[in-house]
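User: Please go through the labels attached to this model. For each one, set the computed value against its criterion and state the conclusion.

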Amino acid sequence: MTASSKSTDQSSHPSDFYDHGLTSRRYALVGVACSSIFSCSCIAAGILTLVNYGVDGVTVPNLVNPDLDAQLHLRAEILSLTLNLIVTLCTESIGFVHNISLRSALASESRLRFNTNLRLLTAARGWCNPNGALLNGISAVLLIISYSSASLAVCVDYQIPAQTPQGYELGVAFTGLPLLILGVALLLQVMIALSGIWAVKIFTWSSSPFDLTAALVNHTQLTPATFRCMCCVSDLDTYEGPAKPPKIQPSAWHAHPSIRKVVISLWGIVAACAGWAALVMYIGDKYPHMQLNGPGLTLQTWSFLPNGIDSIGYYMPSVNFMVWILLFVNVAVIQGPLTLGLHCSELIANVIRDERQWRCATGRKGLRTAMNPVKTIFTHPICLILFIAKPFLHWMFGLAFNIGDYALDGELSYLSVDMYSAQIWNLCIALCILACFFTFVALRRPRGPQPAAYGHVQTLANLVDEWSPMMWWGHKEDGIPYCHAGTSDHPLPDVKMDCVYAGSGAGSLMPLS
């Protein structure tokens, strides 16, 4: 009974150990500061380009010999991929801060259920709230615009005449208006995220579900339920009482209702991408005047980078401000589902991360409740895959939905929209692989008697009866008729599969029929 009294004492004082996330806060604020610097740099570069060269002007850092034409186009694509990676780093830093404030806002309204939520699709009450529906919707639009701007910011410039045998020189150039819009979009996201943390009391900056649960219990936002030491997250709405340890746990698909929507939406994006590729091939065959050049798509003409084979396109009437806006709308409408789909995939990655952290409690090394947000990206394979997929898939979209923005002597000569069927199919295949991967991890059922929580804060509050920086979960007490399972700061024996568990002090309960 000593373990029981110890757990009772410590469960009422989780504030003795839980991480307030000061390290995470430093990382987050440094990331937001770097995002602000980058956004301001983009705004400054965009304004300078517009002032000096006009709305159709570009900035050319350097020129190369035309003999290096193929290398230059490859360099432009690498630069575009790098820009997408920088945008991902900025939006991830901003998103972390926004998510922390959203968690606290939902908790203050007693509406927080999981450690991880659909950040831009879950809103606090109040239209003027920085975490409300209005500003969340604006943040979603700004996120789409950020990636759309990155796709439009890089082009190739031809300088004529030049002291070369060919009579011209080439250079990778940056277009002014997309740079300006990229900077403004990122800066507005920073302002929304910072207004969110100013408008609500932050319980903890830690991304760990255990620090969050302990903080909520400590601030009386959450009350542990008794007699549920063997109940997983899927049992919350069913019979509340004693239970035998199960051999297998429910999947994230069944435990978290939003995950089902995310997986279905991912497959919807894959189907839409396949339909898009089929439509481009059909239009190219049906209306030859819209086909740019080259024969139809075959295995011999298939390529990763665009080669002009089996593509359709159309030209913008001129290069002016209204045409740029029309071009942005074209890109954002088509790229929007991809951006939001990848954003929603964060839910699956983070929910699986939270569950894997909890299942360490039955391992030899135990569960470390603290979590480093930067280290998490590289130590959890699912988070790392998604982090790499975001800039790469947006870059692949730029290859498939290519904006022809070639410049002549520092001025854009024309704007066109080109769609390459091979690159669309490449994007579709990559999205299909990603959807298969997330479907598999969402449907996978953890094995063992340890109840699954998937970052559900009420379930974790019910399962953790003794708080410490290092925890193990297992059998704690024998009892008649019920045993007790819980957590401790030292390794515990495995639970007994033939016993019924209900929690400490459950002897007065009626036996299971």
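User: Why is lysine 496 called partly exposed?

Analyst: The model is predicted, and its relative accessible area for lysine 496 is 34%. Buried requires under 20% and exposed over 50%, so a value in between is called partly exposed. Lysine 496 therefore takes that label.

User: What makes the contact between aspartate 478 and lysine 496 a salt bridge?

Analyst: The N to O separation of the two side chains is 2.8 Å. The criterion is a Lys or Arg side-chain nitrogen within 4 Å of an Asp or Glu carboxyl oxygen, so the pair qualifies. Aspartate 478 lies in the loop between strand 10 and strand 11 (484-488), and lysine 496 in the segment after strand 11, 18 residues apart. Aspartate 478 is exposed, because its relative accessibility of 53% is over 50%.

User: How do you know that glutamate 466 and lysine 476 form a salt bridge, and are these residues buried or exposed?

Analyst: Their closest N and O atoms are 3.3 Å apart, and the limit of 4 Å is therefore met. The pair links distant parts of the chain: glutamate 466 is in the loop between helix 13 (457-463) and strand 10 (470-477), while lysine 476 is in strand 10, 10 residues apart. Relative accessibility is 2% for glutamate 466 and 15% for lysine 476. Both values are under 20%, so both residues count as buried.

User: Why are glutamate 109 and arginine 125 listed as a salt bridge, and what label does each receive?

Analyst: The N to O separation is 3.8 Å, which is within 4 Å and therefore satisfies the criterion. Both residues lie in the loop between helix 3 (69-108) and helix 4 (133-152), 16 residues apart. Glutamate 109, at 19%, is under the 20% limit and so is buried. Arginine 125, at 53%, is over 50% and so is exposed. In total, the structure holds nine salt bridges.

User: Which residues form the nonpolar patch on the surface, and what makes leucine 74 eligible for a patch by its accessibility?

Analyst: The patch consists of Leu74, Ile78, Phe304, Leu305, Ile388 and Phe392, with about 520 Å² of accessible area together. Leucine 74 lies in helix 3 and has a relative accessible area of 44%. A patch residue needs over 30%, so leucine 74 passes this test. Helix 3 and helix 11 (381-400) each supply at least two residues of the patch.

User: What lines the largest pocket, and which element supplies the largest share of the lining?

Analyst: About 880 Å³ of space lies in this pocket. Its lining comprises 39 residues, of which Glu92, Ser93, Phe96, Pro373 and Ile377 lie nearest the centre. Helix 3 supplies the largest share, 10 residues. The lining divides into 19 nonpolar, 14 polar and six charged residues.

User: How do you know that valine 32 is buried?

Analyst: Valine 32, found in helix 2, has a relative accessibility of 4%. This is under 20%, and valine 32 therefore counts as buried. The C-alpha atoms of valine 32 and threonine 91 are separated by 8.9 Å, although the residues are 59 apart along the chain.

Definitions and conventions: Residues are numbered from 1 along each chain as its sequence is written. This is a predicted model: local features need pLDDT of at least 70, side-chain atom pairs count only at pLDDT 80 or more; totals for chains, interfaces and linings use all residues. Side-chain values use heavy atoms; hydrogens and water are left out. Helices (H or I, at least four residues) and strands (E, at least two) are DSSP runs, numbered from the N terminus. Buried means under 20% relative accessible area, exposed over 50%, partly exposed in between (1.4 Å probe, protein chains only). Patches are made of residues with over 30% relative accessible area and no salt bridge: like charges are joined within 9 Å, nonpolar side chains (Val, Leu, Ile, Met, Phe, Trp, Tyr) within 5 Å. Accessible areas come from the Shrake-Rupley method with a 1.4 Å probe; for residues, only the protein chains shown count as cover. On a 1 Å grid over the protein atoms alone, a cavity is a set of points where a 1.4 Å probe fits but cannot get out, and a pocket is an open set with protein on both sides within 12 Å along at least five of seven lines; lining residues have an atom within 4 Å of a point. Grid points are joined across faces, edges and corners, and a volume is the space filled by probe spheres set on the points. Ala, Val, Leu, Ile, Met, Phe, Trp, Tyr, Cys and Pro count as nonpolar, Asp, Glu, Lys and Arg as charged, and the others, Gly among them, as polar.
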